[in-house]
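This briefing is meant for a reader who is meeting the structure for the first time. It goes through the pairing of strands, the helices beside them and the buried parts, topic by topic.

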Amino acid sequence: MSDFVVGINPVKETLLHSSRQLLELWIVKEKLNERLDEIVGLAEQKHLPVRQVERRDLQRLAGQVPHQGVLLRVAAFIYSDLDDILSRWRASGNAAFFLLLDGVTDPHNFGAILRSAEQAGCQAVIVPKDRSCPVTAVVEKTAAGALSHISLCQVVNLSRAIDDLKKNGIWCYGLAGDAGASDLFLSDLRGNIGLIVGSEGRGIRPNVRSHCDGLLAIPMQGHLDSLNASVAVGIALFEVLRQNRQI
């Protein structure tokens, strides 16, 4: 099986950095701009077949995702293994920083979260096999190439994955809006951290929540009682980054 990576930035990042098998580049049959020329050059450097097609053919394959004149056909996405991720982290000598998503199913939110996680320095994003958005062209496009740089791990049981992180000395905190949750900005988030985030609306499932070391809340002063999931995750991720840069 194969997937399509769609759009200029995702295609470029995949060509430059992805470990996925590259199969074929599809480019619009028109006069190319500088950015598309660069992508064709990268594909040719890798001896990748380049097919010129009509814009309507790209649109048919891309669906609702803006293709910007380019698609890259790649081998189906392969998720990382949790044990391998933990081994690579221990070998790195760096503080652990993992993001776990419980029930994020919207592809735009998922892609935006992956992009923020990569920018904040997460070693990996961990998702459950069920109740999770798969890697699609929309996810790849919204993530803007993040999956070429960050590991994505799929597990059968998210609660068990949290326990595995805790056994390795990683403190696991759930992001919640509960009145009893600790203020995110007043909590000590230095060192080895796993951040758990639930779905928009439902939040973290009770069983997953019970495995967290604590709950964190983003303080808000407006009239609304919640944030978009990807915005909330971004705030929490960069607060962890801010604190650890001060160590």
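In this predicted model, Val127 has Gln154 in strand E7 as its bridge partner. That pair belongs to the link between E6 and E7, two strands that run parallel and are joined by five bridges. The wider setting is an open sheet of seven strands, paired in parallel and ordered E7-E6-E5-E10-E8-E11-E9.

**The sheet and its pairings**

- The edges of the sheet are formed by strand E7 (151-155) and strand E9 (182-183), each of which pairs on one side only.
- E5 and E6 pair in the parallel sense over three bridges, and within this pairing Leu100 has Ile126 of E6 as its bridge partner, while Phe98 stands opposite Ala124 in E6.
- E5 is also joined to E10, again in parallel, by six bridges; here the partner of Leu100 in E10 is Ile196, and the partner of Leu99 in E10 is Leu195.
- Five bridges connect E8 with E10 in the parallel sense, and Leu175 is matched with Val197 in E10.
- Strand E8 (residues 171-175) is joined by three bridges to strand E11 (residues 214-217), which runs parallel to E8, and in E11 the bridge partner of Leu175 is Leu216.

**Helices on the sheet and between its strands**

- Helix H7 (residues 158-167) packs on the sheet, where it touches E5, E6, E7, E8 and strand E10 (193-198), and its direction makes about 165° with that of E5.
- From E5 the chain passes through helix H5 (residues 107-120) to reach E6, in a β-α-β crossover that is right-handed.
- From E6 the chain passes through helix H6 (residues 137-143) to reach E7, and this β-α-β crossover is right-handed.

**Strands that are covered on their faces**

- Six of the six residues of E5 are buried, so E5 is largely enclosed by the rest of the structure; Phe97, Leu99 and Leu101 point one way, Phe98, Leu100 and Asp102 point the other way, and all are buried.
- Five of the five residues of E6 are buried, so E6 too is largely enclosed by the rest of the structure, with Ala124, Ile126 and Pro128 buried on one side and Val125 and Val127 buried on the other.
- E10 is mostly covered, since six of its six residues are buried; Ile193, Leu195 and Val197 point one way from the strand, and Gly194, Ile196 and Gly198 point the other way.

**Ser151 in an edge strand**

- Ser151 is found in strand E7, and with a relative accessible area of 17% Ser151 is buried, because the limit for that term is under 20%.
- The side chain of Ser151 makes a polar contact with the side chain of Arg88, at 3.0 Å.
- Leaving aside neighbours within four places in sequence, Ser151 is in contact with Ser80, Ile85, Arg88, Gln123, Ala124 and Val125.

**Nonpolar cores**

- In soluble globular proteins, nonpolar side chains tend to be buried together.
- The largest nonpolar core of this model has 35 residues, of which Leu99, Leu101, Phe110, Leu114, Val125, Leu152 and Leu237 touch the most other members.
- Two or more residues of this core come from each of the elements E5, H5, E6, H6, E8, E10 and helix H9 (229-245).
- Phe110, when residues up to four places away in sequence are not counted, touches Leu101, Val104, Val127, Cys133, Pro134, Val139 and Leu152.
- A second core, separate from the largest, has 25 residues, including Phe4, Val6, Val53 and Val65.

**Helix H1 and its surroundings**

- In helix H1 (residues 8-17), the residues Ile8, Pro10, Val11, Thr14 and Leu15 are buried.
- These buried residues of H1 pack against strand E1 (2-6), strand E2 (22-28), helix H2 (34-45), strand E4 (70-75) and H6.

Notes. Residues numbered from 1 in each chain as written. Predicted model: local features only at pLDDT ≥ 70, side-chain atom pairs only at ≥ 80, totals over all residues. Heavy atoms only, no water. Pairing = 2+ DSSP bridges. Helix = DSSP H or I, 4+ residues; strand = E, 2+ residues; numbered from the N terminus. Contact = heavy atoms within 4.5 Å. Axes fitted to C-alpha atoms, helices over the stretch in contact; angles between N-to-C directions. Buried < 20%, exposed > 50% of the residue type's maximum accessible area, 1.4 Å probe, protein only. Right-handed = clockwise from strand over helix to strand, strands pointing away. Polar contact = N/O pair within 3.5 Å; in protein donor to acceptor, adjacent residues only side chain to side chain. Core = buried A, V, L, I, M, F, W, Y, C linked by side-chain atoms within 4.5 Å.
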